[in-house]
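This report concerns internal space and strand pairing in the structure shown below.

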Amino acid sequence: MIGISLAISSSFIVAGCGQNKQQQQQGTQVKAMQVIQQDTPLTSEFAGQIVGKDEVKVQSKVSGNVVDKYVTGGQYVEAGQPLYKIDSRQYESAVLQAQANLSQSQATLSNAVTDLGRYQQLLSAQAISEQTVANQQANVNAYSAAAAANDALLRKAQQDLADTVIYAPMSGQLSVDDVAVGTFAAAGSTNLVTIGSSNPVFAQFSISESDYLKFSNYAASQNGNGMSPTVSITLSDGTQYPIEGKIVQTDRALSSNTGTLTVKALFDNPDGLLLPGMFARIRLSGEIVPNAILVPQRAVQQLLGKSFVMVVGEDGKSEARTVTLGDKVGSYYIIKDGLTAADVVVVEGLSNLQEGITLAVTMVTPDDMGFSLTTDNSKFDANEIATSDSNK
C-alpha cells in the first residue's frame with residue numbers, strides 16, 4: 001500500500017510540473033491595448049461653489065415698526081416693487097411741522113424784505129442813516145438763510161416720509177429671511193430681507209499659482225488677451241450643466257493663507273437651476289496637445305521615483321519601458337517620452353509581472369476597459385468638496 005501511495009504522489013508531482021511548464025510555454029495571460037496617438041485637449045478641474053452675481057441686504061432708511069408687508073419669502077420681485085411699509089405717523093407729523101416752520105420763516109423774510117425796500121427809499125431822501133439800512137439788509141440775509149434751512153428740513157421730512165415704504169433696489173429673488181409685520185426696524189442696521197439676482201450667476205473657485213500661469217501663458221500664445229479658457233461645470237449629482245461660462249473676474253493677489261487665486265466664472269442661468277451655495281466641479285479647458293501619446297493610468301507603474309510601463313515586445317515577451325509622464329486626461333496619462341504609437345502596453349495582469357516573461361496577450365479596446373478621455377462625472381459628496389476647498 002505504501003508503494004502504491006508513493007507512486008500516486010509521484011504521478012501528481014510529475015503532472016503538476018508538466019502543467020507549470022505548459023503554462024510557461026503558453027505565456028502569462030495579460031490584456032493589452034495599442035498606444036493611442038491623437039490631438040488631446042488639456043483640462044483642469046477645481047472644486048467650486050455657485051454664488052449670486054448681485055446680492056443686497058435690504059434695510060430701512062428710517063426707524064419704526066413694520067406695519068405692512070407686500071411680499072413673501074422666496075418671491076421674485078422687480079426693481080422698484082414695494083416690499084415693506086414702516087409706521088409713518090411720526091414722519092407725517094414731522095412734515096407738517098417742517099411746513100409750518102418754513103411758512104413762518106418765509107413770512108418773516110417777506111416782511112424784512114418789505115422793510116428793506118422802505119428803508120432804501122428813506123435813505124434816498126436822507127431821512128435815515130446808512131447804518132439802519134445796512135442793519136436791515138443783514139436781517140434780510142439772516143431771515144433768508146433761516147427760510148432756506150427750514151426748506152431743507154421740509155425736504156428731509158418729506159424724504160423720510162417717502163422712505164417709510166421700502167422698495168426693491170434690484171430685480172431678483174427674495175430669501176426666506178424676511179422679517180414679520182410688527183418687527184422694529186432700526187435705520188441702517190436691521191436686515192428686512194435679502195434679495196439676489198438668479199441670472200446670471202458666478203461659479204467661484206480657487207486656482208494655484210502654477211495653474212494661473214499655465215492658463216495665462218496659453219492665452220497669451222493664442223491671442224494675447226489674457227486668461228480665457230473654456231469653462232464648464234458638473235453638478236453634485238454628476239450631471240453636466242449644458243451652458244458654458246466664461247471667466248470674468250480674478251482676484252488682484254494670491255491669498256496669503258492658501259497661496260491660491262480666487263476666480264469667478266459667469267454662467268447664464270435662464271431656468272434658475274443654479275442656486276447660490278451649490279457646490280460644483282469647475283473644469284477649465286482650452287489648450288490642445290497635438291499628436292499626444294496616451295496610455296491608461298492603470299498601465300503606469302512607479303518605482304523609486306521613476307515611472308514605467310510594460311509593453312509587449314516583438315518577441316512576445318514583456319519589456320519594461322521607462323516613461324516621462326505629462327498631464328492626466330481622463331483615464332489616461334500623456335506620455336512625453338518613452339513610447340511611440342506603435343507600442344502595445346499591458347493594461348491588466350501586471351501583478352508580479354516581470355520583464356522578459358512570455359505573454360499570452362488578449363488585445364482590448366478602450367471601450368472594453370471603460371477608459372475615457374473625459375473626467376469621471378459620477379456623483380460626488382458636496383461636503384467633501386467643501387472640506388477640501390477650505391483646507392487648501
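The largest cavity holds about 50 Å³ of space. The model is a predicted one, and a search of the whole structure finds 1 cavity of 30 Å³ or more. The lining of the largest cavity comprises 10 residues, of which Leu42, Ser44, Lys214, Phe215 and Glu287 are the closest to its centre. By character, the lining residues divide into 4 nonpolar, 4 polar and 2 charged.

The elements that give two or more residues to this lining are tabulated here.

| Element | Residue range |
|---|---|
| Strand S2 | 36-52 |
| Helix H4 | 209-222 |
| Strand S15 | 279-296 |

Of the contributing elements, S15 gives the most to the lining of the largest cavity, with 4 residues.

A further topic is the pairing of strands in an open sheet. Four strands make up this sheet, in the order S7-S6-S4-S9, and their pairing is antiparallel. Which strands stand at the edges of the sheet? Strand S7 (165-167) and strand S9 (184-185) occupy these positions; each has a single partner strand, so one side of each is left without a neighbour in the sheet. For S9, the pairing with strand S4 (residues 64-69) is antiparallel and runs over 2 bridges. Within the sheet, glycine 64 stands opposite alanine 185, a residue in S9.

Terms used
Residues numbered from 1 in each chain as written. Predicted model: local features only at pLDDT ≥ 70, side-chain atom pairs only at ≥ 80, totals over all residues. Heavy atoms only, no water. 1 Å grid on protein atoms, 1.4 Å probe; cavity = no way out; pocket = protein on both sides within 12 Å on 5 of 7 lines; lining within 4 Å. Points joined across faces, edges and corners; volume = space filled by probe spheres on them. Nonpolar A, V, L, I, M, F, W, Y, C, P; charged D, E, K, R; others polar. Pairing = 2+ DSSP bridges.
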